[in-house]
Structures are given as structure tokens and as C-alpha cells.
Amino acid sequence: MQIGVNSTVPAQNLLVFQSKRASFKCRKSPLNSLSTESTRKHLSNLEKLLQKTNQTDSDQVTKPLTNGSISIKRKGLLEGLKLWDIKPEMKAAEEMSPSHLNRLQRLLSKTMEYSPRNNLGSRWREYHGCNDWSGLLDPLDENLRREVVRYGEFVQAAYHGFHSNPAMPVDEAPLPRHVALPDRSYKVTKSLYATSSVGLPKWVDDMAPNLGWMTQRSSWIGFVAVCDDRREIQRMGRRDIVIALRGTATCLEWTENFRAQLVRIPGSDDSNERVECGFLSLHETRGAHVPSLAESVVQEVQRLIEMYKGETLSITITGHSLGAALSLLVADEISSCAPQVPPIAVFSFGGPRVGNKNFVQRLNQKNVKVLRIVNNQDLITRVPGVFIGDNNSWAYTHVGTELRVDTKMSPYLKPDADIACCHDLEAYLHLVDGFSSSNCPFRSNAKRSLVKLVNEQRSNVKQLYTHKALSLNLDRDRLNVPIPSCLPSPSR
């Protein structure tokens, strides 16, 4: 059967057809993968469009076509057909330019791209929160973005330090452990441990005797580090002390997370200042061979303040999930541990609520600055919930200033990414690296490598990019490479 092209296609479209006819090749149509009903629908669209074009052309005087008019007609034809509605990802795949492919290949390569660190100088207090980060969050200041990601990488080092050797000795104090820091300008001065005040029932050991470190009461939870490089001290405008705390890992830490009743803070003159029972337990409880987290932090901070007496100092506490909650308790503890305590700032990622409004007022009075980085899809940031109301001492309240990011704004992550991905620390750093402003949620020149994100959250990365990764010969074996402890951070 032959189709009368001259009688079907109007003169202008016929010229386009004939000019491209020589280059036509036999290829599989995307319509072949559709149902009969869908095929009929799109053929009907084609017929209506051609009839409409015929009617329009019959009312107009035929004019010579330029290259520009041909392009416009071709674009109008494709838009009228709505072929891209057939397969939503087909258009994006076809439109991925060579520069986009090169950029994707760079972001998925093993070669990390490092960004220059700008001199903070006299503005360091502003980036440390002295004005509650006013004017720096929307749009997100390039220097603050880099500092936030840098402190998040310290928490990643805490996770890595724990999982590289999670078990604790039973009959003796633990030996000092090596921590691969993301910044060689810092050195670790103290290991920190958290101990649960509750234990698992004996029947758990009887039923599952091989759980090992998952059931231990005390665990390595983070570290204290201090900047020890003169050039970096000059760049930052002060000597920085970092306290980094990881999130939940053991069974008993999970148990403490669910002890959500509000209890009074020990030693507080205000009986209405209350925090979550489980978090306070991990902060205050001593282990068989290790001091409590509170004791360790206070002793080390006091020692460092005395050691560097006369220098400009700052204390930065950073944590993720459970570590974000404990960061607030640590900040409260050390804020009065010495006559002149350096400025204290907390950078928390995916942290739950910790205490009531009286606890928030307590931290504000102590001039503790808190920047909470929150993913809009992260459920952990919404617990513990408000059970009675938000205007009394028995209701949980968030602390500090908020920097809100959104999984749905990432061009690489699926908008329906699962709960684990939305709470994942690397996903947080990916979103912060890409965030520009509320009007431009994800910047096109984001620099953070996607290797770790794809490696850990492959099922939550859009298929378009996993498929492109395969086409670029970046298969699963290539992606499963050791991730350096020092990951790239953005500069702009």
C-alpha cells in the first residue's frame, strides 16, 4: 500500500520531508513498544495535526522557506505530535549534550575534584553563626556551603572510624584508634564513647548469640580534633576545635532512641528544662572501662582551651541523626565548662527533636548557635512528635536556624527516594552541594562526586543516569571503588 504524500502533507511540510528523505534510515519506532490503544491515540493526533496544518496553509500565500522557518515548523510538528509523552525519559536521554555527558562522566569518575578554600579572615564569626547565619542561607553563601559540607565530612569520618572496628574489648579499656580525617589540617586528640543505661534481656543472647558488637552497651561514637596547620588557621581566622559524632549503629542505641519521654536535665535550676530520656542516657552514662560522653568531652575541651590559651579559638560540634541530637547535649555541657569558653556552633544533619522549648531557651541564653540541615523528605527530623501541644514544657521543639534542602530537587535522585536515602548523610551532602537558593534549588555547576552516592543509593538514583553510567563504561564494578576519606567540597 502506498501513501500519497503530495495529497496528504501540505506544501511547506512536504519540503521539509523531501529535504530529509535521503537521510532517512530504517529504525525501530518507539510506537512499537506501546499498546494498540496508545498507538491509535498518537496516530489520531498525527491526522488532526496534518488536517490543521492543511487548513492553515490553504488560507495563506505560499512563501519561500528559510532555514529558520523550517526549524520552527519542525518543532511545531513534534510538539503537536507529543511524541515525548510516549516515553518521558526518552527526550532527556536524547537531549543530553556532549558537555552534559562529559560532566556526568567527571562526576562519576574516580578522580575527585577539589575546590579552593576561600579566606574567611575577619568574617569567620559570621560563618560560625554569630548572627544566626542571617543573609547567608537563601541564596546559600558559597563559603558557608563549603564549610557545611566540610563539617559533614568529619561525621563521615566518624562513621568510617566506627565501622572499621566496631567491637569493644570486654575486660579492658579500648586502645587509641586511627581515624582517617577528611582534612589533613586537623589531628584527632580524643576518642569519644557513648554508653547505654539499658541492656538487652538475656533471652536475646540465648536466641541470637552471634550478634557481637550489635549488643554491646558501650561503643565508639566519635572524636575530638583540632586544627594544627598554621596556614589553615590563618585562612579560617582562628584555631578550630571539632567534635564529630556519628548516628545510630547498635541495637542498644536504637533502644535509647525510642525512649522518648521528656526528663529533667541533671543539675538544672529550672525543672521545666527537659530533654529526651534516651539521648540523655547515652550522654551521661559511664561504661565499664570508658567515661561517659559528657565527661570525655568536657575534660578534652578544658585541656585544649588551656593548651591554646591566648589564641583565637572556636568550637564546632557536628553530627548526623543520633549524633545531631547528642551534639546539642554536648554543646550545652561544654558551654559552661570553663570561665571563657570559645564561640560554640553546632552543624547538625538530619537531627531529631531533642528537648522542649525551655531547653531551646537554655541554649539561646548560653549563646550556642545551631544550624540544622534538614531534608524535606527526612522523617527522622519530625520525631519525637508533638503529643500535647507546642506551648508547654511537655512538647518537643526544634533548636536553632534551619537550612532546608529537598530530595526532589536533585536531578540525579528519584523524587520518590526511600526513607533510608532521604536520611543518608551522603545524600545530605549531595543536596547541600547542589543547593543554590529557594528559587534555584539545584545549581548546574555542583562539584561533589556522585560515586559514593551511586554506590550506596543506586536504587534511588534515576535510571537515566544509571543507564548513562553503564554506557560510559562506569559499571557496578567500576563504581565499587574505595572512597577516599577526603571528598571534594564546593567552592561556589
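Ring pairs tie W133, Y151, F154, Y186 and F347 into a cluster; here the rings of Phe, Tyr and Trp (for Trp, the six-membered ring) pair if their centres lie within 6.5 Å, and planes under 30 degrees apart are called stacked, over 60 edge-to-face, and the rest tilted. The model is a predicted one, where local features need pLDDT of at least 70 and side-chain atom pairs count only at pLDDT 80 or more, while totals for chains, interfaces and linings use all residues. Residues are numbered from 1 along each chain as its sequence is written, and side-chain values use heavy atoms, with hydrogens and water left out.

Staying with the rings, a search of the whole structure turns up 8 aromatic pairs. One of them joins F162 and W213 in an edge-to-face arrangement, at 5.4 Å centre to centre and with 80 degrees between the planes. This pair bridges distant parts of the chain, as F162 belongs to helix α8 and W213 to the loop between α9 (202–207) and β2 (218–227), 51 residues apart. Helices (H or I, at least four residues) and strands (E, at least two) are DSSP runs, numbered from the N terminus. F162 has a relative accessible area of 0%, so it counts as buried, whereas W213, at 26%, counts as partly exposed. The cut-offs behind those words are under 20% relative accessible area for buried, over 50% for exposed, and anything in between for partly exposed (1.4 Å probe, protein chains only).

F162 has a charged partner too: the charged end of R246 sits over its ring, 4.0 Å from the centre. A charge is said to sit over a ring if NZ of Lys or CZ of Arg is within 6 Å of the ring centre and within 35 degrees of the ring normal. Back in the ring cluster, Y151 gets a similar visitor, with the charged end of R150 over its ring at 4.8 Å from the centre.

Next comes the inside of the protein. The largest nonpolar core holds 62 residues, and L144 and F223 have the most contacts inside it. Such a core is a set of buried Ala, Val, Leu, Ile, Met, Phe, Trp, Tyr and Cys residues joined through side-chain atoms within 4.5 Å. Helix α8 (residues 142–163) supplies the largest share of this core, 10 residues. A second, separate core has 41 residues, among them V226, I265, L293 and A331. In soluble globular proteins, nonpolar side chains tend to be buried together. Leaving out residues up to four places away in sequence, L144 touches Y127, W133, L136, L137 and F347, where a contact means heavy atoms within 4.5 Å.

W133 turns up again for its backbone. This residue lies in the loop between α7 and α8 and has a positive phi of about 60 degrees although it is not a glycine. D132, in the loop between α7 and α8, also has a positive phi, about 55 degrees, without being a glycine. W133 is buried because its relative accessibility is 1%, while D132, at 37%, counts as partly exposed. Most residues other than glycine have a negative phi, and most peptide bonds are trans. A cis peptide bond joins D138 and P139, with omega about 5 degrees, and P139 is found in the loop between α7 (124–127) and α8. The bond from V383 to P384 is cis as well, with omega near -15 degrees; P384 lies in the loop between β9 and β10 (396–397).

That leads to the strands. Strand β9 (residues 369–375) and β11 pair in the parallel sense over 5 bridges, and strands count as paired if DSSP finds at least two bridges between them. L371 stands opposite T401 in β11. On β11, T401, L403 and V405 make up a covered face, and E402 and R404 an uncovered one.

T407 follows in the loop between β11 (401–405) and α16 (419–423). At 1% relative accessibility, T407 is buried. Its side chain makes a polar contact of 2.7 Å with that of N375; a polar contact is a pair of N or O atoms within 3.5 Å, and within protein one must be able to donate a hydrogen and the other to accept it, with residues adjacent in sequence counting only if both atoms are side-chain atoms. Beyond residues up to four places away in sequence, T407 touches N375, Q377, L413, K414, A417, C422 and L431.

Zooming out, the protein chain comes to 20 helices and 11 strands, and 49% of its 492 residues count as buried.
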